[in-house]
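Dear colleague,

I am handing over the structure we spoke about, and my notes on it follow below. Please read them with the coordinates open.

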Amino acid sequence: MKNLLALIGLISLFAPNAFAASATPLAGAAPLDSATLLADVRTLSAPELAGRRTGSEGSKMAQVYIARRFEQIGIKPFGANYAMPFAFTSLRGQVKTEYPAALNLVGHIRGSVHPERYMVVSAHYDHLGVQKGAAYLGADDNASGVAAMLAVAAYFKQNPPQNTIVFAAFDAEELGHHGARALVKAAPFPIANVALNLNFDMVSRNDKNEIYAAGTRYTPSLKPLVAKAAASSSVKVRLGHDSKVPGAPPDDDWTGQSDHAVFHEAGIAFLYFGVEDHADYHQPSDSFEKIDPTFFAEVARLLVSAAAILDQNLDTLK
Ligand SMILES: [Zn+2]
């Protein structure tokens with residue numbers, strides 16, 4: 001109860017506009033409520049949530065916040081509510097750790113033309129938590145992706161999608177993509193009908209004003225759709241980080257680097273948006289203050305636009 005009260009305090013402190021319908025249309029394609037976008041990322045990366053480690057009190061506060069935002073936007077749960085609990089064992093070297101109470105938040109907006117065809121928009125909400133007394137706040141990684149996913153959901157609520165769009169806030173990505181594994185293994189919808197996973201992980205800052213779209217190497221028919229979304233953005237959209245480049249370090253290929261990897265392994269096309277690592281990557285200093293609000297809003301607008309274009313062309317993916 002104490003934590004819930006603290007969370008409500010947080011919402012009123014940081015997110016005065018989070019729930020107001022104050023959409024500000026920006027120039028170009030999709031409208032975006034940038035105040036809400038920033039309020040979401042600020043709340044999820046607040047020190048009170050202490051880095052949202054799987055199983056922690058801060059993680060539970062994040063769950064309450066995300067569920068409340070899903071409800072406000074009007075995303076429908078598949079069952080009684082958005083919560084999809086799961087358990088897993090993480091193995092790091094010789095150290096086995098049980099996580100009995102991990103939890104994904106999953107909902108959907110039903111397609112108006114092809115409700116039987118699905119696009120899963122995902123972002124992980126967990127991060128590294130507290131280590132050696134320092135809270136790893138995970139603002140860019142990945143409060144930013146969750147906030148962008150919520151912006152996409154708000155767009156589709158106002159502009160009904162052709163296909164059914166699933167929104168998945170994944171837990172336990174940092175521990176090995178366990179949230180995505182849990183969903184793909186026991187999805188409350190036919191996983192064979194998923195045409196695309198659109199995954200966001202680290203989308204709020206970049207010194208070069210650029211973001212990568214990875215996955216088009218496996219699904220070249222995504223390329224013109226990404227290009228169409230990129231055409232109206234002031235952020236430079238680069239394709240890549242989805243192949244092994246001779247001489248480059250192994251982590252230069254992002255195919256296995258976030259939750260989209262699980263969809264890829266299941267034979268599902270993916271498109272992943274994310275920035276290159278920065279000095280604060282996996283550091284306690286990955287905080288709200290380091291986010292670039294202008295870049296982030298522009299990227300969110302790009303992601304909304306990309307999601308809309310993908311929905312309209314989901315049948316062209318092969
Ligand atoms: Zn991440």
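Strand 4 (residues 114-124) and strand 8 run parallel to each other, paired over 5 bridges, and within this pairing Ser 122 stands opposite Asn 199 in strand 8. Please keep in mind throughout that this is a predicted model.

Strand 8 also pairs with strand 11, again in the parallel sense, here over 4 bridges, with Leu 198 standing opposite Leu 271 in strand 11. As for its surroundings, strand 8 (residues 194-200) is mostly covered, since 6 of its 7 residues count as buried.

Turning to charged side chains, the count of salt bridges comes to 10. As general background, side chains of opposite charge can pair when their charged atoms come close.

One of these salt bridges joins the side chains of Arg 181 and Glu 265, with an N to O distance of 3.9 Å. This pair links distant parts of the chain, as Arg 181 belongs to helix 5 (residues 178-185) and Glu 265 to helix 7 (residues 260-265), 84 residues apart. When you set the distance of 3.9 Å against the cut-off, note that a salt bridge requires the nitrogen and the carboxyl oxygen to be within 4 Å. Arg 181 is partly exposed, at 37% relative accessibility, whereas Glu 265, at 60%, counts as exposed.

A second pair to look at is Lys 244 with Asp 253, where the closest N and O atoms of the salt bridge are 3.1 Å apart. Its two partners sit in opposite classes of accessibility: Lys 244 counts as exposed because its relative accessibility is 66%, over the 50% that the class requires, while Asp 253 is buried because its relative accessible area is 9%, under the limit of 20%.

Asp 280 and Lys 290 likewise form a salt bridge, and their closest N and O atoms are 3.1 Å apart. Both residues lie in the loop between strand 11 (270-274) and helix 8 (293-312), so the pair ties together parts that are 10 residues apart in sequence. Asp 280 counts as buried, at 8% relative accessibility, and Lys 290 as partly exposed, at 39%.

Finally, which residues are linked in a network of salt bridges? They are Lys 208, Glu 210, Arg 238 and Glu 276, and you may wish to display these four side chains together when you go through the model.

With best regards

How values were computed:
Residues numbered from 1 in each chain as written. Predicted model: local features only at pLDDT ≥ 70, side-chain atom pairs only at ≥ 80, totals over all residues. Heavy atoms only, no water. Helix = DSSP H or I, 4+ residues; strand = E, 2+ residues; numbered from the N terminus. Buried < 20%, exposed > 50% of the residue type's maximum accessible area, 1.4 Å probe, protein only. Pairing = 2+ DSSP bridges.
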